[in-house]
Amino acid sequence: MTKSQIMDTEIQLDHRKSQQLPQVLVLKPPPVLTVIGEHSFSSPKFNFLKAWESPLPLHQFLSTYAHSVQAILCSGYSPVNEELIRQLPSLRLVVTASAGINHIDLSACWRHGIAVTNAGSVFSDDGADAAIGLLIAVLRKISAADRYVRRGLWAKEGDFRLGSKLGGKRVGIVGLGGIGSEVAKRIEAFGCSISYNSRKQKASVSYPFFSDVCELAANSDILIICCGLTEQTHHLINRQVLLALGKDGVVINVGRGAIIDEKELVQCLVQGEIGGVGLDVFENEPDVPKELLELDNVVLSPHRAVFTPESFMDLCRLVVGNLEAFFSNKPLLSPVMAE
Ligand SMILES: O=CC(=O)O
């Protein structure tokens, strides 16, 4: 046998072995897979079935492998809905490489006995850091000041207008989960007071709780949105909430775009009814309302709050850990919903 024949045989054996492993369907590569590299995800316990690499049209690909898919790896870019679930009768686990789970039909998973895992607390620190970064950028006008200097306006037009201080402000956090709790820790260190809104009051914290987000806004200078997108939180931050926050109020959003009614937000900004916003997420990403691009009291970020190479490394370990636990009949590491 020649060297290349031996190599071909080894590749075929590897291929056959991988076909015998439990199959994890990936419809579109989640960003973490592309950034960290597929090799970091390889495991003796499962094999990725990569739909995007197949020459088959998706429906044909799905019907070819329908019965062998036991798990799906997805992200916000590849929804898992009832229609997909129905096509995969052996599906028992959905692993999403994201903290948000709004792209997964959880009730369909529940009905079909499918467990779900997400990014757990992997993104909490970076999400909170980014929220604070956006907040200081808005209050102290950092992006606008940067543009002022770059355009040569400092020498031509003189001193730049003042920003405002973070310390002493009343901060309302919407959603006191992983990211929200880390935001609270950081905000406390700045000498701000904290209150919050969430599905339920938390016994573990003593911050004032407002079950009504409008009341939270009326008692805050700053609102930081850290909750997930659900039917209950869709357009939770509307004109009424923004008006309650007031003319100097600042809104930061690191949750999901549709938690804010974007049209009403734009209107309030254009009419000077709120002080400023820092947004990492938008209703129709990657489209950003053009009015926002022209406002100096707006700081924009392209849905990058939680993503760093460090958080992606942790996420990679968590994704592999969840899949390996599942295929070894061990408890899942970051279950959203057990089977
Ligand atoms: O937005 C990012 C995530 O949900 O992980």
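Which polar side-chain atom lies 2.6 Å from an oxygen atom of the ligand? In this predicted model, select histidine 303: the atom belongs to its side chain, and the separation from the ligand oxygen is 2.6 Å.

**The ligand site**

Keep the ligand displayed and add arginine 256, which places a polar side-chain atom 2.7 Å from an oxygen atom of the ligand. Next, show the main chain of alanine 99, where a polar backbone atom is 2.6 Å from a ligand oxygen. On its own, the ligand has 190 Å² of accessible area, and the protein covers 92% of this.

Now select the complete set of residues around the ligand: Ser98, Ala99, Gly100, Phe123, Arg256, His303, Val306 and Phe307. Coloured by class, this shell shows four nonpolar residues, three polar residues and one charged residue.

**Helix 9**

Move next to residues 178–189, which form helix 9. The helix comprises 12 residues, and the distance from its first C-alpha to its last is 18 Å, close to the 16 Å expected at 1.5 Å a residue.

Within helix 9, highlight Ile179, Gly180, Glu182, Val183, Ala184 and Ile187, which are its buried residues. For the spacing of such positions, recall that an α-helix has 3.6 residues a turn, so residues three or four places apart point the same way.

To see what covers these buried residues, display helix 6 (124–139) together with strand 6 (170–174), strand 7 (193–197) and strand 8 (222–225), which are among the covering elements.

Finally, select glycine 191, which follows helix 9. The phi of glycine 191 is positive, near 80 degrees.

Notes. Residues numbered from 1 in each chain as written. Predicted model: local features only at pLDDT ≥ 70, side-chain atom pairs only at ≥ 80, totals over all residues. Heavy atoms only, no water. Near = heavy atom within 4 Å. Polar contact = N/O pair within 3.5 Å; in protein donor to acceptor, adjacent residues only side chain to side chain. Areas by Shrake-Rupley, 256 points an atom, 1.4 Å probe, with all protein chains shown as cover. Nonpolar A, V, L, I, M, F, W, Y, C, P; charged D, E, K, R; others polar. Helix = DSSP H or I, 4+ residues; strand = E, 2+ residues; numbered from the N terminus. Expected span 1.5 Å × (residues − 1). Buried < 20%, exposed > 50% of the residue type's maximum accessible area, 1.4 Å probe, protein only. Contact = heavy atoms within 4.5 Å.
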